[in-house]
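Me: I would like a close look at one part of this model, the salt bridges. Please keep the answer connected and plain.

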Amino acid sequence: MSSSMNLRIVSFADGTRFAPGVMADDDTIVPLAPVLEKHGIHLDSTRQLLGLWPHLRILIGAELDSGGHRTLSADSVRLGPPVPDPGQIIAVGFNYDTHSEGFLLPRPAETVVFTKSPTSLSGPHDPVVKPAISMALDYEAEIALVIGRPGYRIDRADAATHIAGYMLANDITARDVALPGGFDSSPLQAQIVRGKGYPTFCPTGPWLLPAEGAPESFEFELSVNDELRQSGSTRDMMLGFAEIIASVSASIALATGDIILTGTPSGCGFQCDPPRYLMPGDVITARSDLLGAMRLPVVEESALPDPTARQA
């Protein structure tokens, strides 16, 4: 039996777009459009689904329990990013003490926040494309939260009510593009948005775990070619989920479907001695017990499809 408390939201390729669905079990997807159309509800986007989720989750859970709906094998479709149409992708830097190792900078007085282009978003099994210009391609396993209820200058005590859910993410970074002068260069010379904004530089998925019933913390890990590189828990974050939302929204208005990356622990390629950066042929695997697994092959830039084509 399915429950409205343990539904997992996915997107899957349906023609030239990504359509929303839910996981009936680990191997089966239920497309949501026909389920909701029976009740006169027509969804145009995943963001719209997230905005209506508090009202729809019990209905969807009951429909899954009743059976008779169309299903798809998860292996038969291409999974996209669970939220394929965010307005913003916002990231929090240096939220784990150990990730600061290697940066010759003082601890900032305020939370470090930067953005990634929405066109950097990709799915949980899509290739990561190495730009020809970069020889320092790196990984950063993170837990991402997704905004459900919009807000600005959100109080910490109210922050949890603004979270739609959680998912795995990987903040891929071309470090030599982001920091062309090296780690000890002036912050004024940083090109963070460029170094983190290439197409395929923000894989997410495979699913979004809705916030209701979710645990207070997540454990996660990342391997390269089956070699464990990162292992972390959100219990070790300096700012928790509520503090992140309060801090980010102090200066940025948040909208339904916005994605916030919450930081990465130690073990990135730049922290190895000597540094161990990603190269074509590598396979990055990130996993979390409740959030699934992403398997991401690294490929040459010549394999990149048209980055302006925003379709499945």
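Is Asp126 buried or exposed, going by its relative accessibility? Please start there and go on to the other charged pairs.

Reply: The model is a predicted one. Asp126 counts as buried, because its relative accessibility is 12%, which falls under the 20% cut-off. The partner of Asp126 in a salt bridge is Arg78, and the closest N and O atoms of the two are 3.1 Å apart. Arg78 lies in the loop between β4 (72-73) and β5 (89-93), while Asp126 lies in the loop between β7 (121-122) and β8 (128-130), so this pair ties together parts that are 48 residues apart in sequence. Arg78 has 37% relative accessibility and therefore counts as partly exposed. The bridge thus joins a partly exposed arginine to a buried aspartate.

A second pair is Arg175 with Glu140, where the closest N and O atoms are 2.7 Å apart. Arg175 belongs to helix α3 (residues 175-178) and Glu140 to the loop between β9 (137-138) and β10 (141-147), so the parts tied together here are 35 residues apart in sequence. Arg175 is buried, with a relative accessible area of 7%. Glu140 is buried as well, with a relative accessible area of 4%. Arg175 and Glu140 also take part in a network of salt bridges, in which they are linked with Lys116, Asp138, Asp171 and Lys196.

A third pair is Glu219 with Arg235, with 2.5 Å between the closest N and O atoms. This pair links distant parts of the chain, 16 residues apart: Glu219 is in strand β15 (residues 219-224), and Arg235 is in the loop between β16 (227-233) and α5 (241-249). Glu219 is partly exposed, its relative accessible area being 39%. Arg235 has 57% relative accessibility and so counts as exposed.

As for the general background, side chains of opposite charge can pair when their charged atoms come close. In this model the count comes to 17 salt bridges, and the pairs described above are among them. Set side by side, the accessibilities of the three pairs read as follows. Arg78 is partly exposed and Asp126 buried; Arg175 is buried and so is Glu140; Glu219 is partly exposed and Arg235 exposed.

Conventions:
Residues numbered from 1 in each chain as written. Predicted model: local features only at pLDDT ≥ 70, side-chain atom pairs only at ≥ 80, totals over all residues. Heavy atoms only, no water. Salt bridge = Lys/Arg side-chain N within 4 Å of Asp/Glu carboxyl O. Helix = DSSP H or I, 4+ residues; strand = E, 2+ residues; numbered from the N terminus. Buried < 20%, exposed > 50% of the residue type's maximum accessible area, 1.4 Å probe, protein only.
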